[in-house]
Amino acid sequence: MSCSAPFKMRLVHLDLKGAPPKVSYLSEVFPLFHALGANGLLIEYEDMFPYEGRLRLLRAKHAYSPSEVTEILHLARLSELEVVPLVQTFGHMEFVLKHEAFAHLREVALFPNTLNPHEAESLALVKDMIDQILELHRGVRWLHIGCDEVYYLGEGETSKQWLQQEQNSHAKLCLSHMQAVASHVLAQHPGTRPLVWDDMLRDIPQEQLKASGVPQLVEPVLWDYGADLDVHSKIFLMGKYQECGFQRLWAASAFKGATGANQALPPVEHHIRNHEQWLQVAVSGPVDTLQGIILTGWQRYDHFSVLCELLPVGIPSLAACLQLLVHGVFAEDVKLRVEHFLGVSSLEIMDTMSEGAGSFPGSDIHALVTQISLHLRSSVDTLLERNRYVTGWFSPYHRRRKLIHPVMIQHIQPEALSLLSRWSNLVQQLEVALQLAFYPDTIEEWLEENVLPSMQRLQGLLQDLGEAAPLPPPTSSGWDTGHNP
């Protein structure tokens with residue numbers, strides 16, 4: 001492994017606000033992360049953290065227990081992965097502010113995204129969350145305090161009045177809350193440096209950033225998940241942050257969860273290009289400014305959105321991106337190394353259930369999800385919308401009236417039954433595989449979103465076939481609109 005890699009720290013992001021893996025699955029993937037070149041984890045617990053006291057209601061149904069968190073940290077140490085916990089403290093607070101007990105702390109009464117920074121109780125809440133997390137993560141070098149996408153800031157009633165005063169601005173409102181949260185971390189947990197996502201800082205004038213004192217308190221994480229990331233503007237932004245007094249900066253790329261809220265399979269090429277662009281930034285930008293890179297793997301766009309790519313499905317993309325960062329280029333020999341790590345014959349043809357489908361933890365999930373995502377819906381569409389017997393002799397018109405020519409049942413039914421049994425078999429295999437990595441609510445959600453709609457259409461067709469009677473002779477008009485007396 002090259003020590004001259006531009007990013008000293010390479011953190012894999014675990015976004016636990018959707019499809020949180022079982023600890024047993026994490027125990028299998030951590031050694032792989034390490035082998036691929038990761039040396040840290042950014043763990044975004046959200047509602048999977050075992051909050052206590054008045055925060056206990058934040059726990060999800062399958063939240064990790066304190067001993068499971070300790071076990072995760074132990075497993076990370078065994079694989080030489082340094083853990084950085086992440087707790088949202090401003091925006092993306094849905095998992096807190098959706099609860100009635102905390103709804104009065106919303107910036108805008110209707111929306112649970114953003115915390116009202118004017119309320120003393122808001123800061124007390126955030127401090128409590130931070131202290132509970134750091135109690136279980138003693139001695140961590142960094143704590144990520146979120147602060148991205150603080151939507152509707154300034155639109156609350158208190159904010160509107162506050163903003164009417166001449167010296168006040170949205171930027172000042174944002175910076176003062178960041179400053180309060182970061183100061184708490186540094187005062188109560190010396191030795192732990194706060195990280196923040198950088199999007200709320202990007203457009204704040206240099207002088208104002210400098211004067212706020214925030215650059216002395218936090219390390220910004222510049223995030224950009226685009227395949228067409230603009231290298232020059234990134235380098236310019238890094239220069240601006242340095243001039244404001246930020247000593248250390250971080251980068252954030254994405255290996256999954258950044259190309260569509262309901263994306264099921266990561267477009268690996270896109271993610272490789274994103275990392276190639278970040279390497280360019282690291283090589284061409286100010287020397288030794290970037291501490292490391294966080295490879296984000298979003299699991300939901302926000303607390304209320306659907307699941308995007310599951311972790312096992314994202315592992316080939318993660319492997320390619322990590323190896324690219326380690327070797328500085330995704331050449332043929334690097335590609336071969338990745339294929340070797342994953343136990344696949346080729347990165348290109350990983351949608352087959354063949355022997356070459358991989359030997360990495362969760363490779364069976366990867367293969368089955370790929371099959372279903374690429375072919376389930378299209379095979380059902382083909383039968384229902386392009387099969388000439390279905391479109392010609394068992395249209396929605398016929399189905400509503402339960403009419404069919406008897407010979408057509410013989411043309412349609414066997415194909416529909418064989419399709420149903422093939423997919424039912426694959427889905428059953430997937431369910432078994434998912435149970436090893438995920439909790440029941442994740443499995444139910446993924447299947448209901450990605451499998452159920454097509455299966456129901458297929459079952460509906462078969463049910464209608466079963467109920468249809470042979471066609472009677474046509475009436476004089478040939479049309480029974482259902483309006484006849």
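What follows is a short chat about cavities, a bent helix and two unusual backbone angles in a predicted model.

Colleague: How many cavities of 30 Å³ or more turn up in a search of the whole structure?

Modeller: The search of this predicted model finds 2 cavities of that volume or more; the largest has a volume of about 70 Å³, and the second largest has a volume of about 40 Å³.

Colleague: Which residues line the largest cavity?

Modeller: Its lining includes His13, Leu14, Asp15, Leu16, Gly18, Ala19 and Pro21, together with Lys256, Gly297, Gln299 and Leu311. Strand β1, residues 9-15, supplies the largest share of that lining, with 3 residues.

Colleague: And what does the lining of the largest cavity have by class?

Modeller: By class, the lining of the largest cavity has 5 nonpolar, 4 polar and 2 charged residues, whereas the lining of the second largest cavity has 6 nonpolar, 1 polar and 2 charged residues.

Colleague: Which residues line that second largest one?

Modeller: The second largest cavity is lined by Glu44, Tyr45, Glu46, Tyr51, Leu86, Val87, Gln88, Phe95 and Ile133. Among them, Glu46 has a backbone feature worth a look, with a positive phi of about 50° although it is not a glycine.

Colleague: Where does glutamate 46 lie, and is it buried or exposed?

Modeller: Glutamate 46 lies in the loop between β2 (40-44) and α2 (66-78). With a relative accessible area of 6%, glutamate 46 is buried, because the cut-off for that class is under 20%.

Colleague: Why remark on a positive phi at all?

Modeller: Because most residues other than glycine have a negative phi. Tyrosine 152 is another residue other than glycine with a positive value, its phi being near 65°.

Colleague: Where is tyrosine 152, and how is it classed by accessible area?

Modeller: Tyrosine 152 is in the loop between β4 (142-144) and α5 (157-163), and it is partly exposed, with a relative accessible area of 31%, so the value falls between the 20% and 50% limits of that class.

Colleague: Changing topic to helix α12, what span should its 24 residues have, and how far apart are its end C-alpha atoms?

Modeller: Helix α12 covers residues 363-386, and at 1.5 Å a residue its 24 residues should span 34 Å. The end C-alpha atoms of α12 are 33 Å apart, which agrees with that expectation.

Colleague: Where is the kink in α12 centred?

Modeller: The kink in α12 is centred on histidine 375 and amounts to about 35°.

How values were computed: Residues are numbered from 1 along each chain as its sequence is written. This is a predicted model: local features need pLDDT of at least 70, side-chain atom pairs count only at pLDDT 80 or more; totals for chains, interfaces and linings use all residues. Side-chain values use heavy atoms; hydrogens and water are left out. On a 1 Å grid over the protein atoms alone, a cavity is a set of points where a 1.4 Å probe fits but cannot get out, and a pocket is an open set with protein on both sides within 12 Å along at least five of seven lines; lining residues have an atom within 4 Å of a point. Grid points are joined across faces, edges and corners, and a volume is the space filled by probe spheres set on the points. Helices (H or I, at least four residues) and strands (E, at least two) are DSSP runs, numbered from the N terminus. Ala, Val, Leu, Ile, Met, Phe, Trp, Tyr, Cys and Pro count as nonpolar, Asp, Glu, Lys and Arg as charged, and the others, Gly among them, as polar. The expected span of a helix is 1.5 Å times one less than its number of residues. The bend at a residue is the angle between axes fitted to the seven residues ending there and the seven starting there. Buried means under 20% relative accessible area, exposed over 50%, partly exposed in between (1.4 Å probe, protein chains only).
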